[in-house]
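Me: I'd like a close look at one part of this model, with the neighbouring pieces filled in around it. Keep it informal, please.

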Amino acid sequence: MVRWEINPQIKRLIKIIGKQCADWGINAYLVGGSVRDLFLGKSNIDLDIVLDKDVGIIIIHLAKIFSARYVYHPQFKTAKLFLENISIDMATAREEIYYSIGSLPQVRISSEIERDLFRRDFTINAMAIRISKGGLSDLIDPYNGLEDLRKRRIRVLHKKSFLDDPTRIIRAIRFSTRFDFSLEENTLIWLKEAVCRDVFSRISPVRLGNEIVRLLQEKNPLKAIEQLRQLCSLKIIHPQIRFNRKWRKYFPQIPRWSRDFGRETSQSVEEWLIYFIFLTEKLNKEALQRLCLSYELEKHKRLLVLHALKLRKIEKIGFLHYKNSELFNLLKPISPESIIYLIIRVKGKLLKKKLFEFLVRFFKTRLYTDGERLKELGFSPGPIFNKVLETIFLAKLDGFVSTKKEEENLIEKKFLSRQ
Ligand code: ATP
């Protein structure tokens, strides 16, 4: 008998969805990572549900019941429901047929859950639990995923799995480091065979990039990168990337500084970007730009990564005695990710402390003066607004100004008395 622990809110949701599907004559199943995490006792707020009929039949109805936002992609027969803190991916069961290595598969809608499970990456992700028979009921586990969970191992469903989809190599590393699972014997052999066949050259950089980013978003990216290096070489990310032993010292500092920064400012840090900056720091600007573009990173992330490359060139400047405003001019544009990168790279406790204090102060500094107030003071909207606001901001960073009155005195002194 299988037992699992489940968050009551999710249990209730699943029950309602299952009941509605049953009323509409649809078989519904919880699948993939949601089932895996249920057995592992880990909470997962991204639910995956597969139906044996077109999800389009019921998605509007479900969205109404939950008063939730939804998106539906009729061409893929997939939908997403957005509830308060939970997102539910819903899809019509499908099978996939791969014609050549790394190419996208041809997808065919199928009404059999078993066929849908066969297209999945690992046995632990290829289990389903029926939810349309009154809550969580029968477990469908055609590949013995539950046994693999117990044996703490990652196992592919068939020999050609990594050839069909080489991103599964990175996914295998991701799950094995996340859960501290081993790669099953044959899986490891087939993985190595696929790597020898240079499979990564046949997948699109965007798909590869997505999986690399997800690897860096794991709790322990160092372990994942070491495993990636050992099994495939980091050259799959870029031919010029080599493992740097100093990462063993640098990487564990990333969550520590990010946590400290978060505690001081209540702002979050995209830690994976800092790992990515370290991974790619040996690339020149052009190569880095090309890599970021090929991964289709959003523009502000691309700029941030490229900017960090510049910061590296100034890490040797002895800016211990710089004022905050001077640091601002030297380091701008300021992002927590690029400055934390610099904090980790620079040598000396005092320098690290100075940069950290600057970063916190930068993100905590607020102005009383705003555009409205400037208009009241007689300024016309235009570039002068930025100039005045930046002047006050820098004075505040340096601690020369703090109250509203002092801000206005500064405006008076620097801008109004000259007019
Ligand atoms: P996470 O906990 O990191 O979100 P997940 O298992 O939910 O892990 P997703 O990438 O969200 O992973 O994918 C959901 C499910 O879709 C997986 O559990 C797996 O069954 C299937 N899947 C995802 N990517 C692949 C792939 N490349 N090949 C085969 N099946 C895949």
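In which loop does Pro333 lie? Please start there and work outwards.

Reply: Sure. Keep in mind that this is a predicted model. Pro333 sits in the loop that runs between α16 (324-331) and α17. The backbone does something worth a look there: the peptide bond from Lys332 to Pro333 is cis, and its omega is near -5 degrees.

Now take the helix on one side of that loop, α16. Its packing partner is helix α18 (residues 349-364), with the two axes 11 Å apart and an angle of about 90 degrees between them. Since 65 to 115 degrees counts as roughly perpendicular, α16 is therefore roughly perpendicular to α18. On the α16 side, the residues in contact are Asn324, Leu327, Phe328 and Leu331, and they meet Lys354, Leu355, Phe358, Arg361 and Phe362 in α18. Sorted by class, that contact has 6 nonpolar residues, 1 polar and 2 charged.

On the other side of the loop is α17, and here the partner is α12. The axes of helix α12 (residues 253-265) and helix α17 (residues 336-345) come within 10 Å and cross at roughly 125 degrees. The two helices are therefore oblique to each other, and their crossing is right-handed. From α12 the contact draws on Gln253, Ile254, Trp257, Ser258 and Phe261, while α17 brings Pro336, Ile340, Ile343 and Ile344. The class count for α12 with α17 is 7 nonpolar and 2 polar, with no charged residues.

There's another backbone feature to look at, in a different loop. Ser67 isn't a glycine, yet its phi is positive, at about 50 degrees. You'll find Ser67 in the loop between α3 (59-66) and β3 (69-73).

Last, the ligand. There are 16 residues around it, and those that come nearest are Asp165, Arg168, Arg174, Arg178 and Arg214. For Arg168, a polar side-chain atom is 2.8 Å from a nitrogen atom of the ligand. The side chain of Arg36 also takes part, with an N or O atom 2.8 Å from an oxygen atom of the ligand. Asp121 uses its backbone instead: one of its polar backbone atoms is 3.0 Å from a nitrogen atom of the ligand.

Note on methods. Residues are numbered from 1 along each chain as its sequence is written. This is a predicted model: local features need pLDDT of at least 70, side-chain atom pairs count only at pLDDT 80 or more; totals for chains, interfaces and linings use all residues. Side-chain values use heavy atoms; hydrogens and water are left out. Axes are lines fitted to C-alpha atoms, for helices over the stretch in contact, and angles run from 0 to 180 degrees between N-to-C directions. Helices (H or I, at least four residues) and strands (E, at least two) are DSSP runs, numbered from the N terminus. Angles under 35 degrees count as roughly parallel, over 145 as roughly antiparallel, 65 to 115 as roughly perpendicular and the rest as oblique. A crossing is left-handed if the near helix is turned anticlockwise from the far one by less than a right angle, and right-handed if clockwise. Contact means heavy atoms within 4.5 Å. Ala, Val, Leu, Ile, Met, Phe, Trp, Tyr, Cys and Pro count as nonpolar, Asp, Glu, Lys and Arg as charged, and the others, Gly among them, as polar. A residue is near a molecule or strand if one of its heavy atoms lies within 4 Å of it. A polar contact is a pair of N or O atoms within 3.5 Å; within protein, one must be able to donate a hydrogen and the other to accept it, and residues adjacent in sequence count only if both atoms are side-chain atoms.
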